[in-house]
Amino acid sequence: MMTDNDRAWAGGAILVGGAAALAATTWAGAAAGALATGEDVAPASPLTVYRMVNDWSTVWSQSQTASIVGATVADLAVVVFLVWGMRWAFRWFRNPSSLATLHQVRELTPKHAARTATRLRASLKGVKPKELPARDRGVLLGDHMPSGVELRGSDEDTYVAIMAPRAGKSTSLAIPVAEEAPGALLMTSNKADVYAATKGSRAKVGTTFLFDTQGVAQAEREVWVDLVAQAETLEGAERLASHFVNQITSEQADPFWSQAAGDLLTGLYRAAWWEGATVREVMRWLSDPKEKAPLRVLYQHEPVLAEQVDSSINIAEETQSGIYQNARTAMSALRDEKVLAWVTPDKHRARFDPETFATSTDTLYLLSKKGGPSSALVAAVADAVFTAGTEAGERHSARLPEPMRAVLDEAANICKIADLPDLYSHLGSRGITPFVILQSYRQGVRAWGEVGMDSMWSAATKKLVGVGIDDAKFAQDISSLTGAHYVERGSYSKSKDGGSRSWSEQREQVLDPAEIRAMRKGTALLMSTGMPVAQIALRPWYAEKAMAHIGPQMRDEEAAITKRAVGAYELRKATRSGR
């Protein structure tokens, strides 16, 4: 970091250089004026300049007016150039707040971001970076402060944003990032606002799928998801089971019960896949511990797995009952026939295919009002999309030809994939861009534990910290990462002989925790790998000319949601009165 001494030397060098440049241009301008009048040109030398300063007429006796005009024009041009250069230098290399300068985050500026985008996206091969529209340059972060230059991350980065409620998570992050998605888009939310804002636009570039088991958007079911298809492999079955068991796992409980329930569900899902059965059959098998059909299927196709499952359930009746009860609790979201219908084959509705989705420009909205058993379905479907995207990337030279964005709003509540922190370490390299949005760091800790959240935070190459951070420890950690700077402090001492003033340099944090907590709404701190902490101004969608269409389409969709909600209420009311 530049000290006051460095600045003094730099300022001196600029003054000396500027004086030399002005001397040279003064002579050059005067010489040009003299030539215009036919007078001989005085030789260029320090002595000539000295004589010009003392008595102009001794050097340019025959063309005083012309030489003065020429020198003035040349000097004005130099002054304009120097002023422009100083402004440019200030914009790129100085920041009064002592946070990152524009030069230090230059890899995120439009020209560099465009170059990265042309490298990552197959559809942009051969396109000149300067010709790319803003939306194709990458993931919008905001404007650098104080320069005002737009900053964008790439679609091989991974993102975590932490902001308090009403701090602009949807308007400045979720909606803009989703609106500009170049390929497939996966979005989770516990509210219908992001769905309403982006559905119209995304429907123009591909098919929109809505998975909404709790009626957040009050839309009629138009799709079903084949959960059993995820159990095509043993690993897939284990991951599918883990999303449900994760709902009953806690640090306080005995891990035996959740592990045993997971083993049981893994076996049942594999049996269902071999048998061509559905989740409805899995639920029926769970209801009766004496049902031997799934074990017969497993012994026929996977005897080792069958023996493991058999030995874990053929034990004391009380223990067996406890294992089955834990498994039923984990699957409790599917007790509701309306919810079960979303994951049951339906010849009258389309089947959502994660593999086709991964290489499309389609959109999948996963909505859920709250955590608990219902969120296991959201996690299961999202994980199926990640798996399909990863495999599709491997078939396309390691990464998807067009990046898939996954905007996981309220991920800790409704999309709690157990190993999401581990997935962060490689999703970006597969062409999948995860963007997890949390209300606080502790919310992530509750979902994935200290180790898991620390792992996700470390693996994220772009981190955004918004306003309203009331966690003192987290604020202190961010304060430490912003670094320190030197501040000159004066002191005055008074005595009977008079007084004296002295100055000293003190090292202080650039931002202390209280300043981080009290950041102005609409701003955030950006931590990008390999760069100092920068402050940015967020870019809400309603302030963007290119997103002006969102307002009308959002109002129309919200009106439709309200109408559907009123209709559903009237139907329930009529049903109650008719009983």
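Two strands are taken as paired if DSSP finds at least two bridges between them, and helices (H or I, at least four residues) and strands (E, at least two) are DSSP runs numbered from the N terminus. The structure is a predicted model, in which local features need pLDDT of at least 70 and side-chain atom pairs count only at pLDDT 80 or more, while totals for chains, interfaces and linings use all residues. Residues are numbered from 1 along each chain as its sequence is written, and side-chain values use heavy atoms, with hydrogens and water left out.

An open sheet of 11 strands, with mixed pairing, follows the order 2-1-15-14-11-3-10-9-4-8-5. Strand 2 (150–153) and strand 5 (208–211) stand at the edges with a single partner strand each, so one side of each is left without a neighbour in the sheet. From one strand to the next, the twist averages 25°.

Within this sheet, strand 15 (residues 534–537) pairs with strand 1 (residues 139–144) in the antiparallel sense over 2 bridges. Strand 15 is also joined to strand 14 (residues 523–528), again running antiparallel, by 4 bridges. A537 of strand 15 stands opposite D143 and is also the bridge partner of T523. Strands 14 and 15 form a hairpin with 5 residues between them, and G530 in the turn has a positive phi of about 80°.

Strand 5 runs parallel to strand 8 (residues 363–367), to which 4 bridges join it; T208 stands opposite T363 in strand 8. Helix 7 packs on the sheet, touching strand 4 (185–189), strand 5 and strand 8, and its direction makes about 165° with that of strand 8. Contact here means heavy atoms within 4.5 Å. Axes are lines fitted to C-alpha atoms, for helices over the stretch in contact, and angles between N-to-C directions run from 0 to 180 degrees.

The axes of helix 7 (residues 193–205) and helix 22 (residues 550–577) come within 8 Å and cross at roughly 120°. Helix 7 is therefore oblique to helix 22, given that angles under 35 degrees count as roughly parallel, over 145 as roughly antiparallel, 65 to 115 as roughly perpendicular and the rest as oblique. Residues of helix 7 including D193, Y195 and K199 meet residues of helix 22, among them I550, M554 and E558.

In helix 11 (residues 293–301), A293, P294, L295, V297 and L298 are buried, that is, under 20% relative accessible area with a 1.4 Å probe and protein chains only. These buried residues pack against helix 9 (255–275), helix 10 (279–287) and helix 12 (303–313).

Notes:
Buried < 20%, exposed > 50% of the residue type's maximum accessible area, 1.4 Å probe, protein only.
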